[in-house]
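Reader: I'm new to this one and would like to know what the labels rest on. Could you show me the structure and then take my questions?

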Amino acid sequence: ESTGYETILVDRPRPGVARITLNRPKALNALNLQVMGEVTAAAAELDRDPSVGAIVLTGSAKAFAAGADIKEMQPKSFSDVYAADWFAGWDALTRVRTPLIAAVAGYALGGGCELAMMCDVLLAADTAKFGQPEITLGVIPGMGGSQRLTRAVGKAKAMDLCLTGRTMGADEAERAGLVSRIVPAADLVDEALGVAEKIAGMSTPAAVMVTEAVDRAFETTLTEGVLFERRLFHSTFATADQKEGMAAFVEKRPPIFRDV
Ligand code: HXC
């Protein structure tokens with residue numbers, strides 16, 4: 001992939017798996033415009049690469065990301081952020097169709113929590129700390145936090161977190177349904193890469209379809225969502241991978257998906 005990124009590292013640690021590591025350690029991976037540009041460009045490039053079946057997005061042991069870059073935002077006026085549609089660029093990440101796995105250790109605050117919530121799967125180290133502390137800065141979440149957090153954990157906890165700015169540990173985040181698993185910090189990256197490798201080994205059309213179907217649940221009614229799912233399900237029968245997956249089961253052997 002493109003080299004020349006300054007705020008992220010991009011590598012291919014396992015077959016079919018790419019990893020984007022946020023890498024601004026001196027600022028606890030605060031998300032400035034450059035990080036936004038690089039993460040979204042790298043993710044879009046990996047998304048176009050058929051050899052990549054899953055992407056892990058991670059930070060450091062201390063911080064996934066401690067938020068949007070406060071020092072960058074401090075001098076901005078209303079007209080600055082409005083004209084630039086500040087943060088809208090992050091929406092590009094939600095158009096990535098390759099499954100995205102967030103592996104969160106340490107701080108995931110403000111924009112960091114919102115970035116993690118844009119991913120498809122969210123794994124947390126036992127050291128993870130989530131929160132939307134924007135209110136302590138006199139602002140509110142601007143990368144989707146008030147919406148995605150509410151959908152993930154419900155109104156009661158979302159209001160509590162967004163109004164007080166407090167942080168929530170990994171246990172509370174798992175109980176609330178924000179994260180799918182908690183992993184000891186030392187094992188987090190390995191576990192995330194393992195999950196990614198497993199997903200990358202599935203039929204790519206099936207993985208992308210089920211991701212689209214789950215995401216649809218947040219955009220539509222139950223009847224329409226179930227119809228959308230059923231039509232996608234029907235269309236899997238047009239793939240060679242459906243033939244292979246079912247033949248392999250009947251023949252009692254592992255399937256070899258060719259992503260077609
Ligand atoms: C810019 C940041 C930053 C941030 C940390 N740093 N978070 N810089 N933007 N969001 C910088 C610090 O200024 C410091 O730089 C260095 O990273 C290390 O941070 P420390 O505070 O010294 O570390 P520590 O004492 O361990 O405290 C960690 C922390 C604290 C609790 C996470 O850094 C913190 O509270 N950060 C801000 C968290 C936050 O409010 N996030 C939400 C941002 S708003 P120097 O140069 O001093 O060493 C947001 C969305 C905004 O995300 C939406 C609408 C505007």
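Author: Sure, one definition to start: Ala, Val, Leu, Ile, Met, Phe, Trp, Tyr, Cys and Pro count as nonpolar, Asp, Glu, Lys and Arg as charged, and the others, Gly among them, as polar. By that sorting, the lining of the largest cavity has seven nonpolar, one polar and two charged residues. Bear in mind that this is a predicted model, where local features need pLDDT of at least 70 and side-chain atom pairs count only at pLDDT 80 or more, while totals for chains, interfaces and linings use all residues. Residues are numbered from 1 along each chain as its sequence is written, and side-chain values use heavy atoms, with hydrogens and water left out.

Reader: What makes a space a cavity, and which residues line the largest cavity?

Author: On a 1 Å grid over the protein atoms alone, a cavity is a set of points where a 1.4 Å probe fits but cannot get out, whereas a pocket is an open set with protein on both sides within 12 Å along at least five of seven lines; lining residues have an atom within 4 Å of a point. Here L31, N32, L33, M36, D69, E72, M73, W86, F87 and W90 line the largest cavity. Two elements give two or more residues to that lining: α1 (33-47) and α2 (70-73). Helices (H or I, at least four residues) and strands (E, at least two) are DSSP runs, numbered from the N terminus.

Reader: How much space lies in the largest cavity?

Author: About 50 Å³. A volume is the space filled by probe spheres set on the points, with grid points joined across faces, edges and corners. A search of the whole structure for cavities of 30 Å³ or more finds one.

Reader: Why are α6 and α7 called oblique to each other?

Author: Helix α6 (residues 145-153) and helix α7 (residues 155-164) pack at about 140°, their axes 7 Å apart. Axes are lines fitted to C-alpha atoms, for helices over the stretch in contact, and angles run from 0 to 180 degrees between N-to-C directions. Under 35 degrees counts as roughly parallel, over 145 as roughly antiparallel, 65 to 115 as roughly perpendicular and the rest as oblique. So α6 and α7 are oblique to each other.

Reader: Which residues of α6 and α7 meet?

Author: With contact meaning heavy atoms within 4.5 Å, L149, T150 and V153 in α6 meet K155, K157, A158, L161 and C162 in α7. That contact has five nonpolar, one polar and two charged residues.

Reader: What about α5 and α6: why are they oblique?

Author: The axes of helix α5 (residues 111-118) and α6 cross at roughly 60° and come within 10 Å. That angle falls in none of the named ranges, so α5 and α6 are oblique as well. In their contact, E114, M117 and M118 in α5 meet G145, R148 and L149 in α6.

Reader: What is the volume of the largest pocket, and what gives the most to its lining?

Author: The largest pocket has a volume of about 1400 Å³. It has 46 lining residues, with C119, D120, T211, V214 and D215 the closest to its centre. The most comes from α10, with nine residues. By class, this lining has 25 nonpolar, 11 polar and 10 charged residues.

Reader: And which residues lie nearest the centre of the second largest pocket?

Author: A68, D69, I70, M73 and L137, out of 30 that line it. The second largest pocket has a volume of about 760 Å³, and α2 gives the largest share of its lining, three residues.
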